[in-house]
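User: Could you take a close look at one charged residue in this model and at the partners around it? I am in my first year, so please go through it step by step.

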Amino acid sequence: MLRISTDTVLRALRKKEAALASVNNALLRTIDPAEILVDIAQAGEAEVDERWSFVGHKGNPRWLWHAIDHHTGAVLASVFGRRKDEVFVQRKTLLEPFGLTCHSTDHWGAYTRHLDPDVPSPGKRNTQQIERKHLTLRTRMKRLVRKSICLSKAIQMHDIVIGLFVNRYAFGRAV
């Protein structure tokens, strides 16, 4: 209808890939170490979870791993990958600057293997906010709905489109 080639659109999306962020740098810049000591009970809790989707067919799963601040609901960091320990470790390193003292998880194996046993992990009952974010993603992005004709055919495009959405609506960055 607009007489724009799909290759032109795909090329424009691929150019934006380099500008995508995995960490909410705007939130990280507002954290003052002196204030963290005062507000440690509020600043140190995070809800961490992963969101399933697929590329091409359901036999090729792709996971969006992300973490949000339990008190504010702000997305702290997100990572794309398989449901493997290496991807969890990557997200864990992205979260280190936030100084988290408590994680709310669903007790999947990677969480029990890689989180410090001394750090409290309250459980699935405290992950309502991040599950709500999953629902928001699913309702706003057709490619995340399970029974849809809109799907990603390439891993790179899948990650770029969802990354653009996360950067725009969660991090407040118009890329």
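Analyst: Arg51 counts as buried because its relative accessibility is 6%, which is under the 20% limit that the word "buried" requires. The model is a predicted one, and every value here is computed from it. Arg51 has its place in strand S1, which covers residues 45–55. If residues up to four places away in sequence are left aside, Arg51 touches Arg62, Trp63, Leu64, His134, Arg138 and Leu144. A further pair shows how sequence and space can differ: Arg51 and Glu131 are 80 residues apart in sequence, while their C-alpha atoms lie 8.9 Å apart in space.

One of the residues that Arg51 touches is Arg62, and this second arginine deserves a look of its own. Arg62 belongs to strand S2, made up of residues 57–69. With a relative accessible area of 12%, Arg62 is buried as well, because that value also falls under 20%. Leaving out residues up to four places away in sequence, the contacts of Arg62 include Arg51, Trp52, Ser53, Phe54 and Val55, and also Phe80, Gly81 and Arg82. The list goes on with Ile155, His158 and Asp159.

Asp159 in that list brings us to charge. Side chains of opposite charge can pair when their charged atoms come close. Asp159 forms a salt bridge with Arg62, and the closest N and O atoms are 2.4 Å apart. This pair links distant parts of the chain, since Asp159 sits in helix H8 (residues 155–170) and Arg62 in strand S2, 97 residues apart. The side chains of Arg62 and Asp159 also make a polar contact, again at 2.4 Å. Both partners, Asp159 and Arg62, are buried.

How many salt bridges are there by this rule? The count comes to three, so the other two can be set beside the pair just described, given that the rule asks for a nitrogen and an oxygen within 4 Å.

In one of them, Glu50 pairs with Arg83, with 2.7 Å between the closest N and O atoms. Here too distant parts of the chain are linked: Glu50 lies in strand S1, whereas Arg83 lies in the loop between strand S3 (75–81) and helix H5 (85–95), 33 residues apart. The two partners do not share a burial class, because Glu50, at 6% relative accessibility, counts as buried, whereas Arg83, at 30%, counts as partly exposed.

In the other, Asp85 forms a salt bridge with Arg113, the closest N and O atoms being 2.7 Å apart. Asp85 lies in helix H5 and Arg113 in helix H6 (residues 109–114), so this pair ties together parts that are 28 residues apart in sequence. Arg113 is exposed, because its relative accessible area is 52% and the exposed class begins over 50%.

It helps to end with the whole protein around these residues. The protein has eight helices and four strands, and from the N terminus on they run α-α-α-α-β-β-β-α-β-α-α-α. Of its 175 residues, 38% are buried. Among the contacts with a separation of 6 or more, 57% come from residues 24 or more positions apart. The accessible surface comes to about 10200 Å², and 55% of that surface belongs to carbon and sulfur atoms.

How values were computed
Residues are numbered from 1 along each chain as its sequence is written. This is a predicted model: local features need pLDDT of at least 70, side-chain atom pairs count only at pLDDT 80 or more; totals for chains, interfaces and linings use all residues. Side-chain values use heavy atoms; hydrogens and water are left out. Helices (H or I, at least four residues) and strands (E, at least two) are DSSP runs, numbered from the N terminus. Buried means under 20% relative accessible area, exposed over 50%, partly exposed in between (1.4 Å probe, protein chains only). A polar contact is a pair of N or O atoms within 3.5 Å; within protein, one must be able to donate a hydrogen and the other to accept it, and residues adjacent in sequence count only if both atoms are side-chain atoms. Contact means heavy atoms within 4.5 Å. A salt bridge is a side-chain nitrogen of Lys or Arg within 4 Å of a carboxyl oxygen of Asp or Glu. Accessible areas come from the Shrake-Rupley method with a 1.4 Å probe; for residues, only the protein chains shown count as cover.
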